[in-house]
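The following account leads the reader through the nonpolar interior of a structure and then through a sheet and the helix that crosses it.

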Amino acid sequence: MKCSKTSRLMTDMLAGELSAIQAKQLEEHLAACENCRKEFDELREIWNFTGDALRRNHQDLKLSDAHRREIFEAAADLPKLKLSPKMPSRFRWLELVASLIIGFGVLSIFLLPALNSAREKGRKISATSNLKELGIGAANGALPALGAPPESETDSSAAPAAAPESESSDLTEVNAGKDADKGGAAGKLAAEKRKDVADVYLRRAAAGPTGGPALQTLEEKPAVRDEKSFAALAPTPPLPQPPVKAAKVAFMKYKANQSSTPAAAPAASSYAYGVATIDKMDKAEVKQEGLKFSEEQASNVLIWKGVPEAKSLAASDALDRPAESSKKKEEFAASETFKVNLKLWNLTTVEDVRDFLKSRNCPAPAKILIDTDAGAIRFDAPYNVMTRIKGIIETLNSEERRLKDFKDGLPFTKTESKPFSTFSIDTDTASYLTAKKNIKRGIRPDPSKIRAEDFINYFDYHYRSPENSVFAVNMESAPAPFRPQNTLLRIGVQGKRLGPNINSASVYTVLLDTSGSMAYGERMELAVNALKLLSTKMTPYDRLSLVTCGGSANVLINNQMKTKNTLDMAVKAIEAGGVSDFYNGLRKAYQLAAVNYRAGAWNRVVIITDGIVKLEPEARAGIIGSIEKNRINGISNIVIGLGGDGDDKLLEEIAATGDGSYVFVDSENDVKELFAANFEARFREIARDVKIQVEFNPGNVAEYRQIGYENRQLSKADFRNDRVDAGEVGSGQSVTALYELRLKPGVKPDATIATTRIRYKNAEDMRVEEKSFVIDAGNIGRNFETASPGFKLASFAAEFAEGLEYPETQNIATPSGIAVKLRQLYISNYSKDEKVRELLDLVSRAR
Amino acid sequence: MSPEEALKNLMEENESALLGFAGRMLRDASTAQDAVQMAFIKYNRQTYTGGEIRNPRAWLFKTVRNDCLNLLRAKKIKAEITIDDGGNFTAHHDRPDQGIMNHEKNQLLTAAINGLKPRAREILVLKLEHGKSYREIAEIMDLSVGNVGFILHSAVNELKNHITKELSI
C-alpha cells in the first residue's frame with residue numbers, strides 16, 4: 001500500500017468505518033511505515049481531543065414536562081388521525097346523516113302502524129311491510145346495489161362485528177352520490193342521468209293506479225338536514241312541478257296518499273329511503289332501458305321494488321320485470337359473513353364459490369364477497385338460501401377442525417369437498433440434512449423443522465428421463481406399507497438434463513455471513529471452502545462478486561474474473577465477528593447483482609449463512625420483497641445453510657422467493673457434493689414456477705392426504721395463474737410427491753384414480769407449458785412387496801419424516817418398524833447407495 | 001412493550017442527544033425543546049400511519065435537523081452549527097498545568113472548529129459527539145456515504161494542521 005493512499009483510510013479507521021480487509025491492510029502498512037504511523041498518532045490525538053471537547057459539556061438534557069406531555073397527548077390523539085385518510089371530512093357529516101336516516105327508518109317502522117291505525121287496514125299493512133322491507137333493503141342491499149369500493153367490502157366481510165358501522169358507511173356512499181349533484185362535472189353528469197331516469201319514472205308514475213296529482217317540488221337538500229321544511233311539506237296540497245324532481249315526488253305523492261296525518265318523522269325517513277332507493281334505481285333503470293338484466297342489477301331491482309309505486313307500476317309497465325322478483329323480495333333479507341379457510345377449499349374466486357355451491361345443489365346468491373387472506377366470505381341471499389349456505393359452511397368448518405386434529409392419525413381430505421390438490425414443487429433437502437445432523441448428535445429434531453418433502457426428495461429414485469419434453473411424470477401406486485388398507489400414490493417428476501446452454505456464462509454474487517456465530521465449529525471453514533469450490537466451477541466468462549456482512553456490509557470483490565489472487569486476498573480478509581448485518585448484506589448483494597446483471601447469463605446470488613440473523617418483521621418483509629423484485633428481473637439465488645441452528649424458515653423463504661434452492665451443508669462431503677454432483681441441478685434450472693395439480697376422481701377416491709409440502713400448497717386457481725410463484729427444477733433434478741388414498745370399495749380397474757397436471761415455465765424461453773398424466777385403478781399394485789424399490793424407499797423416507805414431525809400421532813410406524821423393512825430394501829436393492837445406508841443408520845438411531 | 005412504553009424508551013434514549021444537537025444548531029434551549037418535541041410527534045404520526053422508519057435514531061436526527069434549518073431560515077439566520085467555547089475544562093484533569101494547557105488547546109480547537117465549513121462542522125459533531133456512522137450521517141444530511149467520509153477526512157486534517165501549527169504538539 002502506498003503512503004498516499006493511507007491518509008483517508010486513517011480517518012475512516014478512527015471513525016470505525018473500515019472493512020476488515022482494509023483495516024488489516026492499514027495496520028500492516030502502519031507497522032511497516034514510520035511516517036504514516038506518526039501521522040496516524042497525531043490524527044488520533046486530534047480526533048480524541050476534538051471528541052472530548054465536543055462531548056465535554058454534555059449534560060443530561062431532558063425535554064420539559066410540558067413538551068413531554070404534549071407528545072403523549074398527540075400520540076393519544078392518533079387513532080383519530082388514522083381514520084381521517086380513509087374518510088375525508090366531507091363524509092363525516094354524511095355519515096351522521098346516514099345514521100340519522102337509519103334511526104328514522106327504525107322509528108318509522110314502529111310509528112307508522114300507530115299513526116295509521118285510523119286508516120284503512122289493508123293499506124296500512126302493506127305500507128308498513130313495504131317500509132320494513134325497504135329498511136332492510138337499504139341496510140343490507142346498499143352494498144350490493146351500489147358496489148361500494150372494494151376496501152369497504154372486504155372490511156365489512158372481514159369483520160362481521162363491525163357491521164353496523166359498515167352499513168352506515170354504505171349509506172353514506174348512497175348519499176355521497178346525491179351530494180355529487182352539487183358540484184363537479186361528474187356530479188353534473190350524474191344529475192343529467194338522474195333527470196332522464198326520473199322522466200321515465202314520472203311517466204310510469206302517471207300511468208300507475210296510485211298515480212294522482214303530483215306534490216310540491218323539493219329542494220335538493222340532504223333529507224334529514226331539512227327535516228323542518230320537510231315536515232311542513234308532507235301534508236301540503238299538491239302543486240305542479242318540473243319533471244326533474246319527479247322521482248322523489250312520486251314517492252312523496254305515495255306518502256301523501258297513504259297517510260293524510262302529518263307525520264314528520266316517518267315522512268322524513270321514508271323520503272330519505274326514497275332518495276336512497278331512487279339513487280340506486282337510476283342504475284337499474286338505465287340498464288333496463290337497454291332491456292338487459294344482469295344478476296347484480298336484479299338485486300338492485302329488488303331493492304327499489306320496495307317502493308310501493310314501483311310495485312304497482314310493475315304490473316302496468318310495458319317493461320315488465322320478472323314476476324318472481326316480487327316473490328323474492330319477501331325472502332331477500334339476509335346478509336351474513338362466514339369465517340372459512342377459503343384457500344384450503346380452493347374458493348379463491350367468486351366463480352369457484354358459485355360452482356362449489358352449485359355442486360352442492362345450492363343456488364348461488366348474486367352477491368358474494370370474498371377475502372381470501374382473512375378467510376372471510378359474505379353472502380347476500382334470501383333466507384332459505386342462506387340457511388343452506390350456513391349448513392355447507394358449517395360442514396367445511398368442521399372439516400377444517402378435523403384436518404387440524406393430528407391425534408388419531410393424520411387427517412385425510414374428503415375428495416368430494418376438495419377434489420384438487422395443488423402445490424408448488426420443492427427440491428430442497430435442507431430439512432433432512434439438519435435432522436440428520438441432530439439425530440447423529442443424539443438430539444431429537446424439532447418437529448416444526450421437519451418437512452417430509454425434503455426427506456423424500458433427498459433420495460435418488462432413478463426415474464426415466466424425458467425424451468422430448470422438459471419433464472417426465474411417473475406415477476406409481478400400491479398399498480401403503482404400514483397401513484395396507486390405504487393406497488399410496490407416488491408422483492415422480494423427472495427433469496431433463498440440460499444440453500449446451502448449461503455452459504452459459506454465470507454472474508455470481510456471493511453473500512458471505514461473517515457474523516460472530518459463523519466462528520463456531522467449522523462453519524467458516526465450510527463457507528470458505530464452498531467459495532473456493534464455486535470458483536473452481538467458474539469459466540473465464542464468469543464473474544464473481546463477494547459481499548460479507550459481519551457488523552456491516554462490505555464488498556470485497558466486485559464483478560471480477562476468476563484469478564487466484566483476488567479470491568485468496570478476499571479469503572484472508574474474511575474473519576467472523578460482530579453481529580450479522582444480514583439485512584444490509586443481502587440488500588448490498590442484490591444491488592451488486594442488479595448492477596452486474598448480464599442478460600443471457602445465469603445471474604445468481606449465492607447466500608452462505610448459518611441463518612443466525614436478527615430481523616425485525618418489517619426488515620424481513622423488505623428483504624423478501626426485494627428478492628421477489630429481483631427474481632422478476634431474472635436474478636435467482638441459492639441459499640447454502642450451515643450449522644443448522646439458525647432461522648431455517650427465513651432461509652427457506654428466501655430460497656423459495658428468489659427462485660432458488662436451499663441447501664444445507666454440514667461437512668466437507670456435503671460441500672463437495674453440492675459443487676460436484678449437484679452443481680448442475682442447483683445452479684442450472686430447466687424450469688421455473690413448476691406447479692403440480694392432482695385431481696382425484698371423487699367416484700373412486702373417498703379421501704386423500706398429501707405427505708409433506710405443507711408450506712407449498714396453492715389454491716386451485718393459482719395453478720393456471722402464471723403470476724403465482726412456485727418452485728424451480730434444476731437440470732436433471734427429480735421431484736417426488738406422495739399421497740395416501742382411501743379408495744371407495746369396488747373400484748373397477750379401468751376407473752381413473754387421479755389426473756396429474758404439471759405446469760411450468762420453460763427456463764429457456766419462459767414459455768408456459770402444461771402436461772397432464774392419468775393413472776387408473778388397474779395400475780395400482782397388488783401389494784406393497786411387489787412395488788418398485790424407489791416406491792418403497794420414498795414411502796419409508798416419508799413415514800420416517802412424519803414420525804418425527806408428528807410424534808404424538810397414532811398410526812404412524814415406529815422407527816424400528818421402518819428399520820426392519822428398510823434394511824431388507826437396502827440389502828436387496830440399495831446396498832451400494834450411501835444415502836440409503838445413512839437413512840437406515842438414522843432410522844435405527846431414532847428408535 | 002406497549003406503544004406508550006416504546007415511545008417513552010425512545011424518548012429517554014434520544015432526547016438528550018437530540019436536544020444537544022438542536023441546541024447547537026439553534027443556539028436556544030427552548031426552541032430546541034420545541035424542535036425535538038415536534039420530531040417525536042412526527043415520529044409517532046409516521047409510525048402510526050404505517051410509515052417505515054428503519055433507523056429511528058437517524059430519522060429523529062434528520063427530522064430535528066430539518067426542523068432546525070426551517071426555523072433558522074424562517075428567522076433569516078444563517079443555518080449552521082457552532083461550537084461554544086467550552087467553559088471550565090480543568091475539572092477533568094488531575095494536574096492543573098495540563099488543565100491549563102488543555103484549556104488553551106481547547107480554545108484553539110473551538111476556534112478551529114468554528115473556522116471549518118458549516119457542513120464539515122456538522123459532520124464532526126454528528127460523528128464525534130453523537131457517534132453516528134457514516135451511513136447515518138449520510139441519511140441525516142442527505143449526502144452520500146463517500147462524501148461524508150471525505151468531508152470528515154478533510155475536516156480532521158484541517159484541525160490537525162491548524163493546531164499543530166499553533167501549538168506544535
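In this predicted model, a convenient point of entry is A:Ala797, which, once its neighbours within four places in sequence are set aside, is in contact with A:Phe455, A:Ile456, A:Phe459 and A:Leu839. Apart from the core discussed next lies another core, of 61 residues, which includes A:Leu18 from chain A together with B:Val36, B:Leu71 and B:Leu126 from chain B.

A:Ala797 itself belongs to the largest nonpolar core, a set of 125 residues in which A:Leu511, A:Ile640 and A:Ala797 have the most contacts. Helix α29 of chain A, spanning residues 789-805, supplies the largest share of this core, namely 9 residues. Two domains of chain A, domain 4 (420-498 + 685-845) and domain 5 (502-683), each contribute at least three residues to this core. As a general matter, nonpolar side chains in soluble globular proteins tend to be buried together.

The helix also leads to a sheet. α29(A) lies across β6, β7 (487-495), β15 and β18 (734-743) of chain A, and its direction makes an angle of about 80° with β18(A). The sheet in question is open and antiparallel, with 5 strands of chain A in the order β4-β15-β18-β7-β6. Because β4 (413-414) and β6 (471-479) of chain A each have a single partner strand, they stand at the edges, and one side of each is left without a neighbour in the sheet.

At the β4 edge, the partner is β15 (residues 701-707) of chain A, to which β4(A) is joined by 2 bridges in antiparallel fashion. Within this region, A:Lys414 stands opposite A:Glu703 of β15(A).

Notes:
Residues are numbered from 1 along each chain as its sequence is written. Chains are lettered from A and ligands numbered from 1 in the order in which they are written. This is a predicted model: local features need pLDDT of at least 70, side-chain atom pairs count only at pLDDT 80 or more; totals for chains, interfaces and linings use all residues. A nonpolar core is a set of buried Ala, Val, Leu, Ile, Met, Phe, Trp, Tyr and Cys residues joined through C-beta atoms within 7 Å. A residue is buried if 20 or more other C-beta atoms lie within 10 Å of its own, exposed if 12 or fewer, and partly exposed in between; C-beta atoms are placed from the backbone. Helices (H or I, at least four residues) and strands (E, at least two) are DSSP runs, numbered from the N terminus. Domain bounds come from an automatic or database domain assignment. Two residues are in contact if their C-beta atoms, placed from the backbone, lie within 7 Å. Two strands pair if DSSP finds at least two bridges between them. Axes are lines fitted to C-alpha atoms, for helices over the stretch in contact, and angles run from 0 to 180 degrees between N-to-C directions.
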